[in-house]
Structure formats: structure tokens, C-alpha cells
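Here are a few notes from my read-through, in no grand order. Have the sequence and the fold open while you go through them.

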Amino acid sequence: MKAVLLADTDTDLYSTDIPPSGTIDFIGSCYFTEICKCKLKNIACLKCGNIVGYHVISPCKPCLLSCNNGHFWMFYSQAVFGINRLDSSGVNVLLWGNLPDLEENTDEDMSCISEEEYIR
């Protein structure tokens with residue numbers, strides 16, 4: 001998904017909730033931004049070694065409570081190209097409006113679900 005960095009609106013990003021497999025890996029140490037207390041770690045391309053983005057290892061509480069889409073894998077738009085995710089049929093582009101509604105399940109014990117999962 002195309003995104004804009006909130007701390008710097010001149011920075012275009014792509015974001016996803018599922019990282020591509022076999023193409024990236026973590027590099028360097030974790031760090032924090034000046035704006036918030038989110039714990040971040042850079043990600044690099046396994047082919048060329050260049051840093052292509054970062055992963056939010058542990059979002060801070062204010063960021064979790066703000067409006068977010070649960071995408072914690074961020075890619076710099078100048079380092080990667082975006083592709084559309086397909087739905088379960090593998091044919092149609094996955095769109096927010098076409099996601100199935102969650103069914104309420106009163107049998108499930110909700111007390112063990114973390115605050116982060118509620119927000120996602």
C-alpha cells in the first residue's frame with residue numbers, strides 16, 4: 001500500500017502487513033525515532049544488500065492508539081516498486097472494500113487478546 005511517512009510528509013513509502021519472503025532480512029541494530037518510542041529495525045535486500053526500508057518491531061502505545069492500518073513493514077518508494085496483492089482466488093486485486101466482514105464469535109475468550117491485536 002502506498003503511504004506517506006507521518007513524521008516527514010515528503011517521504012513516500014510502501015507498507016504491508018506481510019513481508020516478502022526470501023528477499024529481505026534485518027540489518028543493523030534496533031533504533032527509535034525522535035518523534036515517538038516505536039522500536040524500528042532496518043531491512044535490506046538480500047540480493048544487493050541495500051537498505052530498502054524498516055520494520056516496526058514494537059510500536060509505541062500512542063502510535064498503536066492512533067489511526068493505523070496494521071502495516072508495520074515499511075519500504076522506501078525510491079528503493080522498491082509496489083505490486084498489488086491478489087485475493088484468495090489469485091486473480092482479483094485485493095481491495096479494502098472487498099474484505100469479508102469479521103463474524104462475531106461469542107464463544108471465544110477475548111481476555112487473552114493483546115491491546116495490539118485489538119487495534120489491528
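**Notes on the model**

1. Let's start with the cysteines: searching the whole structure turns up 0 disulfides. Keep in mind that this is a predicted model.

2. Why no bond at Cys38? Its closest cysteine sulfur belongs to Cys36 and sits 3.5 Å away, too far for a bond, because a disulfide needs the two sulfur atoms within 2.5 Å. Cys38 itself counts as buried, with 7% relative accessibility.

3. Cys63 tells a similar story. The closest cysteine sulfur is in Cys60, at 3.5 Å, and that is too far for a bond. Cys63 is partly exposed, at 28% relative accessibility.

4. On to the rings: the whole structure has 2 aromatic pairs. One of them is Tyr54 with Tyr76, a tilted pair with 6.1 Å between centres and 50° between the planes. Tyr54 belongs to strand S5 (residues 51-58) and Tyr76 to strand S6, so the pair ties together parts that are 22 residues apart in sequence.

5. Buried or partly exposed, for each partner of that pair? Tyr54 is buried at 9% relative accessibility, while Tyr76 comes out as partly exposed at 21%. The cut-off for buried is under 20%.

6. Last, have a look at the surface. Leu86, Val93 and Leu95 make up a nonpolar patch there, together offering about 240 Å² of accessible area. Leu95 is found in the loop between strand S6 (73-76) and helix H2 (115-119), and it is partly exposed, with 46% relative accessible area.

Notes
Residues numbered from 1 in each chain as written. Predicted model: local features only at pLDDT ≥ 70, side-chain atom pairs only at ≥ 80, totals over all residues. Heavy atoms only, no water. Patch = residues over 30% accessible without salt bridge, like charges linked within 9 Å, V, L, I, M, F, W, Y side chains within 5 Å. Areas by Shrake-Rupley, 256 points an atom, 1.4 Å probe, with all protein chains shown as cover. Salt bridge = Lys/Arg side-chain N within 4 Å of Asp/Glu carboxyl O. Helix = DSSP H or I, 4+ residues; strand = E, 2+ residues; numbered from the N terminus. Buried < 20%, exposed > 50% of the residue type's maximum accessible area, 1.4 Å probe, protein only. Phe/Tyr/Trp six-rings, centres within 6.5 Å; stacked < 30°, edge-to-face > 60°.
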